[in-house]
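Trainee: I've got a chain open on my screen and no idea where to start. Can we go through it together, one question at a time?

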Amino acid sequence: MATAPDSKTTSLKKKNRHSGSWAGPAEFWSLPNGPQQAQALKNAVLKMRLQALSNSASSTPPSETEMESESDSQASCVRTAAPDSTSLLSDEILLNLFSKLPKSQLVSNSLVCKRWCRLSGKLVRSIKILDWDFLESGRAVYRFPNLIDVDMVQACIRSSRNSSILFSNKLVSVHLDTSEVSGSRFFKKGDILDSEFVDKGVKILAEGSGNLGRVVLINVSEEGLNYLAEECETLQEMELHCCNDFALKGVSGCRNLQILKLVARIDGVYESVISDIGLTILAQGCRRLVKLELVGCEGSYDGIKAIGQCCQMLEELTVSDHRMDAGWLAALSYCGNLKTLKLHSCKHIDISPGPDEHLGSCPTLEELHLQRCHLRDKQGVRALFLVCEAVRELVFEDCWGLDDNTFAAASICRNIRDFSLEGCSLLTTEGLELVVLSWRHLTRLRVVSCNNIKDSDITPALATLFSVLKELKWRPDSKSLLSSGLAGSLVGQKGGKCFRWK
């Protein structure tokens, strides 16, 4: 005789059917991202089960079989959970591990979790800030607390990020909006942030990164530079764009500054004035300078003389696209420890250097580099060689106007040991030979891409010099090398049968 099931048994069967519908979730659902999501889903199912049990406990107490089943299920989930192994490692150990990885992996490491993001930021030492809000909000110094090299020029120039046109040179790189380009200028006056805003950003940077060793700024005032001098005592290198004379008063507070680059003007971008006033202020305040670069600066004999007299540790001076008054070359003789002189992109050397007896010389000078300079002014070039008479290494690179007569003045420099000539198409083999043979101490010679210097014009005397050199790189005429390389192939010969019509 069949008996009707009691209510407790019926409730248990319904509950088992309900729990059985969730069994094996990985069998019904696809988990394309691997075991971590599967484990997360299992944990969620377990939580729902425990919640269901707690809700039913108020009406029907679970049996011993149920409790054992749920306990086994929970223990299984705990055993299969994937713990975070790195949580057992200290920050110091993780930082040591991250430092051994390539720098390219710092970004991917910072995306793992908040802790890895914080630790990866501590390993970043140098950044170029592109977004002003990132600096002004304080996120830059919070995200990267150990910065020692910061470039904030691009963040201070308003530009269209959606533009596909990129203006770039060795000094600045910014996206352009074609609708805003007017005449010969790529930027309007208001595209560069005012000094007040720049000073505010510099203050945030100085307070958050007190160990700065190098900084690149634009349109900063004396007040902003004072913040740097007070907060960043270890600052040794600075690059300033679009600053005036009186802003350089703040630079004098940087007592450990050794390398300084002043960019007063870039054609088509911005214009500012740094004259003898600024050079004198700089000389009196930064007496420990070792390297100084002047780009687009004005000045004269007085400004360079002040630099030479006050900055007695100066070893390298670079002058680019200068607008110096006549006679400035004579002031170089006051640079008593100058070892390297570089002239870049200068439209003239010195339009009126004055008499030879007033020029003086730099007895400690070892290297003279001229790159992309106009050398049509023979008087200025000759005066330069007189001042640099003691030089041992001479470099000409892509200089326009260097012909045989101009180059003949280089025979004044008797101590040349290394000579490099590249991209000077007016100089001939005869003009080169006349000067090179006068250098008795020459040991290294490099001649590249000078089309008027021919292999066929080499004399026995020049060939003898080549045989005793320690180092020789001779590629003056690429066209002649090309012809010899194609000998026998009929290419380049009139009437050759390299190509046949079918």
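Trainee: Which strand does Asp149 lie in?

Mentor: This is a predicted model, so keep in mind that we're reading a prediction. Find Asp149 and look at the run covering residues 149–151. That run is strand β2.

Trainee: Is Asp149 buried or exposed?

Mentor: Buried means under 20% relative accessible area. Asp149 has 19% relative accessibility, so Asp149 counts as buried.

Trainee: And which residues does Asp149 touch, not counting residues up to four places away in sequence?

Mentor: Skip the sequence neighbours and see what is left around Asp149. The residues Asp149 touches are Arg125, Ser126, Ile127, Leu212 and Arg214.

Trainee: Let's zoom out. How many of the residues in the chain are buried, as a percentage?

Mentor: The chain has 18 helices and 19 strands, and its length is 502 residues. The buried share of those residues is 40%.

Trainee: In the largest nonpolar core, which residues touch the most other members?

Mentor: That core holds 122 residues. The ones touching the most other members are Met238, Phe396, Phe419 and Leu421.

Trainee: Which helix gives the largest share of this core?

Mentor: Look for the element that supplies six residues. Those come from residues 378–387, which is helix α14.

Trainee: How many of the residues of α14 are buried, and which elements do they pack against?

Mentor: α14 is mostly covered, with seven of its 10 residues buried. They are Gly380, Val381, Ala383, Leu384, Phe385, Leu386 and Val387. These buried residues pack against β14, β15, β16 and α15.

Trainee: Where is Ala409, and how far apart in space are Ala409 and Ala383, C-alpha to C-alpha?

Mentor: Ala409 sits in the loop between α15 and β17. Leaving aside neighbours within four places in sequence, Ala409 is in contact with Arg382 and Phe385. Ala409 and Ala383 are 26 residues apart in sequence, while their C-alpha to C-alpha distance is 8.9 Å.

Trainee: Is Ala409 buried or exposed?

Mentor: Use the cut-off again: buried means under 20%. Ala409 has 14% relative accessibility, so Ala409 counts as buried.

Trainee: How do α5 and α7 sit relative to each other?

Mentor: Two packed helices are described by the angle between their axes and the distance between the axes. For α5 and α7 the angle is about 60°, with the axes 10 Å apart. Angles of 65 to 115 degrees count as roughly perpendicular, under 35 as roughly parallel and over 145 as roughly antiparallel, with the rest oblique. α5 and α7 are therefore oblique.

Trainee: How do the residues of the contact of α5 with α7 divide?

Mentor: From α5 the contact uses Asp91, Leu94, Leu95 and Phe98, and from α7 it uses Arg115, Trp116, Arg118, Leu119, Ser120 and Lys122. They divide into five nonpolar, one polar and four charged.

Trainee: Which residues of α7 are buried?

Mentor: What covers the buried residues of α7 includes α5, α6 and α9. The buried ones are Trp116, Leu119, Ser120 and Gly121.

Trainee: Last one: how are α12 and α13 oriented to each other?

Mentor: Their axes are 8 Å apart and make an angle of about 5°. Angles under 35 degrees count as roughly parallel. α12 and α13 are therefore roughly parallel.

Notes. Residues are numbered from 1 along each chain as its sequence is written. This is a predicted model: local features need pLDDT of at least 70, side-chain atom pairs count only at pLDDT 80 or more; totals for chains, interfaces and linings use all residues. Side-chain values use heavy atoms; hydrogens and water are left out. Helices (H or I, at least four residues) and strands (E, at least two) are DSSP runs, numbered from the N terminus. Buried means under 20% relative accessible area, exposed over 50%, partly exposed in between (1.4 Å probe, protein chains only). Contact means heavy atoms within 4.5 Å. A nonpolar core is a set of buried Ala, Val, Leu, Ile, Met, Phe, Trp, Tyr and Cys residues joined through side-chain atoms within 4.5 Å. Axes are lines fitted to C-alpha atoms, for helices over the stretch in contact, and angles run from 0 to 180 degrees between N-to-C directions. Ala, Val, Leu, Ile, Met, Phe, Trp, Tyr, Cys and Pro count as nonpolar, Asp, Glu, Lys and Arg as charged, and the others, Gly among them, as polar.
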